[in-house]
Amino acid sequence: MTGGVTAKPDPFIHPITRLSICGLLAAGADWVEFAALRDAAGISDSVLSKQSRVLEDAGYVEVRKGAVGRRPRTWLRLTAQGRQALEGHLAWLAQLEEAVSASTGSLTPGPGGGVR
C-alpha cells in the first residue's frame with residue numbers, strides 16, 4: 001500500500017475502453033459532457049453508453065441528464081469510489097511494469113538474439 005492507495009487490479013476498470021473513460025474523467029473538470037468524452041476517447045456513442053453503464057452500475061461513474069436549450073445532454077463524472085479504484089488499478093499497473101522491467105533486465109540474449 002502506497003500513500004493510502006491499495007495497488008490491485010480492478011475488473012471493472014481493466015478493459016482499455018473503461019480505463020480510458022476513467023482516466024479522462026479523472027483528468028477532466030468535475031462534469032464532462034458525453035460528446036466531449038466520446039471524442040476524447042475516440043469511441044462511438046454506443047460504446048461509451050454501454051461502458052459508462054457498466055461503470056455507473058459499479059458505482060464508479062455518476063451520470064446527470066439535462067438539456068441545453070432544447071437539446072438533451074448527458075454529463076458524467078468519476079465518483080470518489082471510482083477515483084479510488086482507478087488509483088489502485090494504476091498503482092497495480094505501475095507495480096506490474098516495474099516487475100516486468102526488472103525481469104527483462106535480467107534476461108540474457110541466447111543464440112540468434114532470442115532470450116533464454
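Is S52 buried or exposed? S52 is buried, with a relative accessible area of 6%. This model is predicted, and the tour below returns to S52 at its last stop.

**Whole chain**

Display the protein chain as a cartoon. It contains 4 helices and 3 strands, and from the N terminus the order of elements is α-β-α-α-β-β-α. Next, colour the chain by relative accessibility: of its 116 residues, 27% count as buried. Switching to a surface representation shows what the chain exposes, about 7,400 Å², of which carbon and sulfur atoms supply 55%. If a contact map is at hand, consider the contacts between residues at least 6 apart in sequence; 54% of these join residues at least 24 apart.

**Helix α1**

Select residues 16–27, which form helix α1. Its 12 residues should span 16 Å at 1.5 Å a residue, and the C-alpha atoms at its ends are 16 Å apart, so expectation and model agree. Now show the side chains of R18, L19, I21, C22 and L25, the buried residues of α1. They cover an arc of only 160° around the axis, and therefore lie on the same side of α1. Rotate the view to the other side of α1, where I16 and A27 are exposed.

**The salt bridges at R77**

The structure holds 6 salt bridges; three of them are visited here, beginning with the one between D30 and R77. Select D30 and R77: the closest N and O atoms of this salt bridge are 3.1 Å apart. D30 belongs to the loop between α1 and β1, whereas R77 belongs to strand β3 (residues 71–78), so the pair ties together parts that are 47 residues apart in sequence. D30 is partly exposed, its relative accessible area being 49%. R77 also counts as partly exposed, at 24% relative accessibility.

Keep R77 selected and add E62. These two residues form a salt bridge as well, with 3.0 Å between the closest N and O atoms. This pair, too, links distant parts of the chain: E62 is in strand β2 (residues 61–68) and R77 in strand β3, 15 residues apart. With a relative accessible area of 33%, E62 is partly exposed.

Which residues do salt bridges with shared partners join into one network? Showing D30, E62 and R77 together displays that network.

**From β1 to β3**

Select E33 and R73. The closest N and O atoms of their salt bridge lie 2.8 Å apart. E33 is in strand β1 and R73 in strand β3, so to speak two distant parts of the chain, 40 residues apart, that the pair links. Both ends of this bridge can be examined for exposure. E33 is partly exposed, with a relative accessible area of 28%; R73 counts as partly exposed at 23% relative accessibility.

**Helix α3 and S52**

For the last stop, select residues 45–57, which make up helix α3, and highlight S52 within this helix. The relative accessible area of S52 is 6%, so S52 falls in the buried class, for which the cut-off is under 20%. What lies 3.1 Å from a polar atom of the side chain of S52? Add S49 to the selection and display its backbone: the atom in question is the backbone oxygen of S49.

Technical notes: Residues are numbered from 1 along each chain as its sequence is written. This is a predicted model: local features need pLDDT of at least 70, side-chain atom pairs count only at pLDDT 80 or more; totals for chains, interfaces and linings use all residues. Side-chain values use heavy atoms; hydrogens and water are left out. The expected span of a helix is 1.5 Å times one less than its number of residues. Buried means under 20% relative accessible area, exposed over 50%, partly exposed in between (1.4 Å probe, protein chains only). The arc is that of the directions from the helix axis to the C-beta atoms. A salt bridge is a side-chain nitrogen of Lys or Arg within 4 Å of a carboxyl oxygen of Asp or Glu. Contact means heavy atoms within 4.5 Å. Accessible areas come from the Shrake-Rupley method with a 1.4 Å probe; for residues, only the protein chains shown count as cover. A polar contact is a pair of N or O atoms within 3.5 Å; within protein, one must be able to donate a hydrogen and the other to accept it, and residues adjacent in sequence count only if both atoms are side-chain atoms.
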